[in-house]
Amino acid sequence: MATKGTVSGVIANMVTLKVDGPVAQNEICYIILGEDRLMAEVIKVIGSNVYVQVFESTRGLKIGAEAEFTGHMLEVTLGPGMLSKNYDGLQNDLDKMTGVFLKRGQYTYPLDKETKWHFEPLAKAGDEVEASAWLGKVEENFQPLKIMVPFDLKGRFTVKSIVAEGDYTIEDTIAILTDEGGKEIKVNMIQKWPVKVALTNYKEKARPFKLLETGVRAIDTLNPIVEGGTGFIPGPFGTGKTVLQHAISKQAEADIVIIAACGERANEVVEIFTEFPELVDPHTGRKLMERTIIIANTSNMPVAAREASVYTAMTMAEYYRSMGLKVLLMADSTSRWAQALREMSNRMEELPGPDAFPMDISAIISNFYGRAGYVKLSNNEHGSITFIGTVSPAGGNLKEPVTENTKKVARCFYALEQERADRKRYPAVNPIDSYSKYLEYPEFEEYIKNRINDKWIDKVNEIKTRLLRGKEIAEQINILGDDGVPVDYHITFWKSELIDFVVLQQDAFDEIDAVTPMERQEDILNMVIDICHTDFEFDNFLEVTDYFKKMINICKQMNYSPYKSEKYEEFKKELKTLITKKKITKNK
Ligand SMILES: Nc1ncnc2c1ncn2[C@@H]1O[C@H](COP(=O)(O)OP(=O)(O)OP(=O)(O)O)[C@@H](O)[C@H]1O
Ligand SMILES: [Mg+2]
């Protein structure tokens, strides 16, 4: 008998129920409101009093309304057919709706029951398998998807039979397994998994070390992220978090990209829905949306749905990682997610932590980031989830709890700065405060030596030092005036400006400049370092300014030209001539 409950209180999206049987933490129930069934999740149980958060508007809900418990937690349904879909945080298929947003109490099936998938078996009768083992594969949008032994099966099983290569729907039985007692289990292409439980179906989580190219120079060259790595982008209002995250999701070399737009403004969400389907993958020439899933919740949806969306997205990412794929997961913004937690915690009148966030906010954030990673599967293949979240610290204060707690767990820190955004130095990533811990990993250093060359990390460190020195000199010039410092100081300052303009700044809206492949980033870095190592001679600081402005201009034109095109080579020649003019040729 399923547990039933009766509504005893309603505070916005938080509802209290009196229940007649056992209820588990995070269990899902439906509250009956006339024709509608409102989905809700248990957030606290005290005896027969249960607090639930309703994923819908509770408008019109009265004390005495009935609720039915389902006996399971919030789950996602996983299978072929999710790529290029737009879902909300509860995995409703938004394309099945007339408008972008669902009517209250409406839930849709996330997969397609009619489509036939071409299945090729990878296992055979007699094979010994366990949960998550690959039984076969189907192709979706050019991605090889694996059909796996149900994630929730425990123990070892024998494949009794498996269907021949052919076309099947997600509900057709593709294999029959027997457990140790001889009991038969039918397997189809559908998996279910509770979103708040990490899917740890791998042999080990290894230290990540492979560069994940994003095409963004401020990331790849300066503070690289790796396959299975974690990073976050804090930045005040309007400094370019969403533009940067979208750039990464468009360009990164991932097999699958999942974007959780949680709590963003409604118009931004509509923008991704209209913009993404048109975009073409720079690596494959195919439509980007083919490898992308968008989970969208706007701030006008109830807070609970926002909280669910990041977990839904993470669980989908874990599903694809189990297939040995390279997944990139983006959440914009995790602050809105934390605010949802705060609202619920305040409604329950829990003892608040810093800034009224729940006391366990630190554990919640670290558990979530902990689900990302580079893993070795039980068949020794590798899969990864790279996770990048944005954080919108109120008033740009990086000491607030969400930023501070994220900083403890995320390995890359891309701090967007108001001052850089105001000066239109995009992406406004602060080159001094930002970091990537992966640069210190010996595994990464080894990888980069082979992939690029053994001087790379030294060069990267050199330009960072030069940027810092440039900043110090700028402050001195500010105090002492242009004439108050030696001409050499101006030269050093302008060398750092050259790095800023040519390496760091990148136009996300220019077709060529938006994406810089690693080979080209290497070329740019070498060019800039060579200039930095050149000794120049000038009579006064005005000459320095003029000269470097010209040089920056040529380099920027190069960045806007197709790599190694005729135009590009012409600019390169022009640059060489300019350098020769002021270069000091050392006579013995
Ligand atoms: N790389 C870039 N190149 C050119 N323009 C940019 C770039 N990044 C940001 N911008 C400009 O800054 C504006 C704001 O960017 P964006 O919406 O990404 O900010 P945000 O930090 O996400 O803001 P919010 O806090 O409101 O979510 C953009 O509309 C664009 O005009
Ligand atoms: Mg934004």
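A residue counts as buried here when its relative accessible area is under 20%. Keep that cut-off in mind as you go round this model, which is predicted.

**The whole chain**

Start with everything shown as a cartoon. You should be able to pick out 14 helices and 26 strands. Turn the view along the principal axes, and the C-alpha atoms fill a box of roughly 95 × 55 × 40 Å. The radius of gyration is 27 Å, which agrees with the value near 25 Å that a compact globule of 588 residues would have. Buried residues account for 55% of the chain. If you draw contacts between residues at least 6 apart in sequence, 70% of them link residues at least 24 apart.

Now switch to a surface. About 25,400 Å² is exposed, and carbon and sulfur atoms supply 50% of that area. Colouring by charge brings up 73 positive and 87 negative side chains, and the centres of these two sets are 2 Å apart.

**Helix α4**

Next, select residues 303-321, which form helix α4. From its first C-alpha to its last, this 19-residue helix reaches 28 Å, close to the 27 Å expected at 1.5 Å a residue. Is α4 enclosed by the rest of the structure, or open? It is largely enclosed, because 19 of its 19 residues are buried.

**Two cis peptide bonds**

Move on to the backbone between D332 and S333. The peptide bond joining them is cis, with omega at about -5°. S333 sits in the loop that runs between β22 (326-332) and α5 (334-347).

Then jump to Y426 and P427, where the peptide bond is also cis and omega is near -10°. Here P427 belongs to the loop between α8 (418-422) and β26 (435-436).

**Two residues with positive phi**

Select D355, in the loop between α5 and α6 (361-370). Its phi is near 50°, a positive value in a residue that is not glycine. With a relative accessibility of 47%, D355 is partly exposed.

Your next stop is N380, in the loop between β23 (373-376) and β24 (382-391). N380 is not a glycine either, yet its phi is positive at about 70°. Its relative accessibility of 43% makes N380 partly exposed as well.

**V402 and its surroundings**

Go to helix α7 (residues 401-409) and pick V402. Is V402 buried or exposed? Its relative accessible area is 2%, so V402 is buried. Show what lies around it: apart from residues up to four places away in sequence, V402 touches T334, S335, A338, F357, I365 and V391. Take F357 from that list and draw the C-alpha to C-alpha distance to V402: it comes to 8.7 Å, although the two are 45 residues apart in sequence.

**D482, the last stop**

Finally, select D482 in the loop between α10 (456-480) and α11 (487-504). A relative accessible area of 37% makes D482 partly exposed. Which residues does D482 contact, leaving aside its neighbours within four places in sequence? They are I477, H490 and F541. To end the tour, add S565 to the selection: its C-alpha is 39 Å from that of D482, with the two positions 83 residues apart in sequence numbering.

Conventions:
Residues are numbered from 1 along each chain as its sequence is written. Chains are lettered from A and ligands numbered from 1 in the order in which they are written. This is a predicted model: local features need pLDDT of at least 70, side-chain atom pairs count only at pLDDT 80 or more; totals for chains, interfaces and linings use all residues. Side-chain values use heavy atoms; hydrogens and water are left out. Helices (H or I, at least four residues) and strands (E, at least two) are DSSP runs, numbered from the N terminus. The radius of gyration is taken over C-alpha atoms; the globule rule is 2.2 Å times the number of residues to the power 0.38. Buried means under 20% relative accessible area, exposed over 50%, partly exposed in between (1.4 Å probe, protein chains only). Contact means heavy atoms within 4.5 Å. Accessible areas come from the Shrake-Rupley method with a 1.4 Å probe; for residues, only the protein chains shown count as cover. Lys and Arg count as positive and Asp and Glu as negative; His and the chain ends are not counted. The place of a charge is taken as NZ of Lys, CZ of Arg, CG of Asp or CD of Glu. The expected span of a helix is 1.5 Å times one less than its number of residues.
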